[in-house]
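Q: Got a minute to walk me through this one? I'd like to start with the strands.

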Amino acid sequence: MKFVDEARIWVEAGDGGSGCVSFRREKYIPKGGPDGGDGGDGGSVYLLADNNINTLVDFRYQRRHRAERGQNGMGRQCTGRGGQDLSVTVPVGTRVFDEETGELIGELLESGQRLLVAKGGFHGIGNARYKSSTNRTPRQSTPGTLGERRQLHLELILLADVGLLGFPNAGKSSFIRQVSSARPKVADYPFTTLYPNLGVVRVGRNRSFVVADIPGVIEGAADGAGLGIHFLKHLARTRLLLHLVDVAPLGSDEDPAEQIRKIEAELESFSDDLMDKERWLVLNKVDLLDAEEYEARRSAIVEHLDWQGPVHGISALSGAGTDVLVRDLMARLEQLKLGDDAGIVSSSGDSGGEESEWDMPGTPDSGEWHPLD
Ligand SMILES: Nc1nc2c(ncn2[C@@H]2O[C@H](COP(=O)(O)OP(=O)(O)OP(=O)(O)O)[C@@H](O)[C@H]2O)c(=O)[nH]1
Ligand SMILES: [Mg+2]
């Protein structure tokens with residue numbers, strides 16, 4: 001199953017500047033010759049692949065991208081200045097199509113790669129260049145040509161950065177709805193989600209990541225129970241996993257700490273790769289508890305599991321605590337990526353190269369939930 005992020009954008013190269021018609025006018029020089037300069041070339045539009053961009057989400061906010069026009073030529077043989085090129089940054093892996101013809105213009109596969117998508121117009125010629133022995137006062141000039149403009153269709157195959165683990169009904173789909181524009185079905189019965197959903201989470205300009213919502217994992221998933229097994233493999237490429245757990249389950253036998261232990265056991269029997277991934281604890285549905293009760297449950301869970309990693313309390317329903325969680329996730333993903341670029345952490349994590357020390361910006365539970373009262 002492929003998840004594709006798409007965007008439609010307009011690119012407009014700058015027009016060429018027009019040539020100028022002008023004659024030299026100076027005291028004591030009655031018949032100054034033609035001195036109209038050429039225009040400048042229009043700027044072109046390029047797409048530039050950038051490793052630090054993960055999704056095409058920013059193009060929903062800015063669709064039109066134009067390069068500068070060339071300046072017109074001027075008298076005294078002055079040439080117009082060329083328009084500046086425009087580089088539009090896109091994620092590595094973006095495929096670029098011409099929207100009208102469907103033609104594949106190119107693919108950006110490496111960071112730093114540039115692709116010309118709209119060529120700037122050519123400059124017009126000034127009258128100084130039309131001067132000849134038979135025509136000493138040419139009045140011709142040419143206008144610059146138009147810059148190319150076209151509509152592009154961008155496509156990017158998305159890979160999830162963050163995977164959600166949790167029992168059915170933990171609130172995984174609600175979380176994705178809260179933090180992204182994905183709209184998976186949410187309902188109060190187990191196995192509402194039957195196939196994985198991806199959500200793009202936008203944190204700020206050019207800062208975004210992808211979360212995968214998979215069907216609930218239950219005991220025995222690795223051996224085929226429930227739906228989990230088919231989907232655990234979708235988490236293979238993620239960098240980080242969240243244990244999303246209902247801190248206020250209705251049935252008293254559904255102890256949150258036990259649920260997490262069961263999921264950990266499934267991960268372990270499913271693959272070492274998943275066990276090597278960094279995992280955060282996210283206690284969901286804090287809106288159902290008062291602050292004191294929440295605090296008590298949180299400590300009990302952390303103690304029971306001897307949990308060393310970050311712990312966040314959120315309400316996927318009201319959104320409480322989700323901003324902090326999303327911000328911390330983004331910062332951590334950027335940090336992991338920096339490590340990758342510097343060759344510190346293996347990209348797939350399969351050599352067990354994840355750091356064991358938490359090197360988080362802020363304290364591990366900077367995402368702690370505090371009720372307002
Ligand atoms: N009070 C409260 N209810 C929540 C919260 N998050 C989710 N719920 C409810 O919990 C139920 C299950 O939510 P889902 O988001 O469908 O859970 P899921 O983990 O995706 O479930 P499956 O797809 O079945 O595995 C729904 O009735 C939600 O409205 C929360 O933060 N607070
Ligand atoms: Mg769901």
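A: Sure. Strand β9 (residues 162–165) and β11 run parallel, joined by 2 bridges. Strands are DSSP E runs of at least two residues, numbered from the N terminus. Two strands pair if DSSP finds at least two bridges between them.

Q: Before we go on, is this predicted, and how are things numbered?
A: This is a predicted model: local features need pLDDT of at least 70, side-chain atom pairs count only at pLDDT 80 or more, and totals for chains, interfaces and linings use all residues. Residues are numbered from 1 along each chain as its sequence is written, while chains are lettered from A and ligands numbered from 1 in the order in which they are written.

Q: Back to β11. What stands opposite alanine 212?
A: Glycine 163 does.

Q: And how many bridges join β10 to β11?
A: There are 7, and these strands run antiparallel. Valine 200 has valine 210 in β11 as its bridge partner.

Q: What about the hairpin of β10 and β11?
A: It has 2 residues between the strands. Asparagine 206 takes a positive phi there, near 60°.

Q: How many residues of β11 are buried?
A: 6 of its 7 (residues 207–213). Buried means 20 or more other C-beta atoms within 10 Å of a residue's own, with C-beta atoms placed from the backbone.

Q: New topic: helices. Which residues of α3 meet α5?
A: Pro256, Ala257, Ile260 and Arg261 meet Ile301, His304 and Leu305 in α5. Contact means C-beta atoms, placed from the backbone, within 7 Å. Helices are DSSP H or I runs of at least four residues.

Notes:
Two residues are in contact if their C-beta atoms, placed from the backbone, lie within 7 Å. A residue is buried if 20 or more other C-beta atoms lie within 10 Å of its own, exposed if 12 or fewer, and partly exposed in between; C-beta atoms are placed from the backbone.
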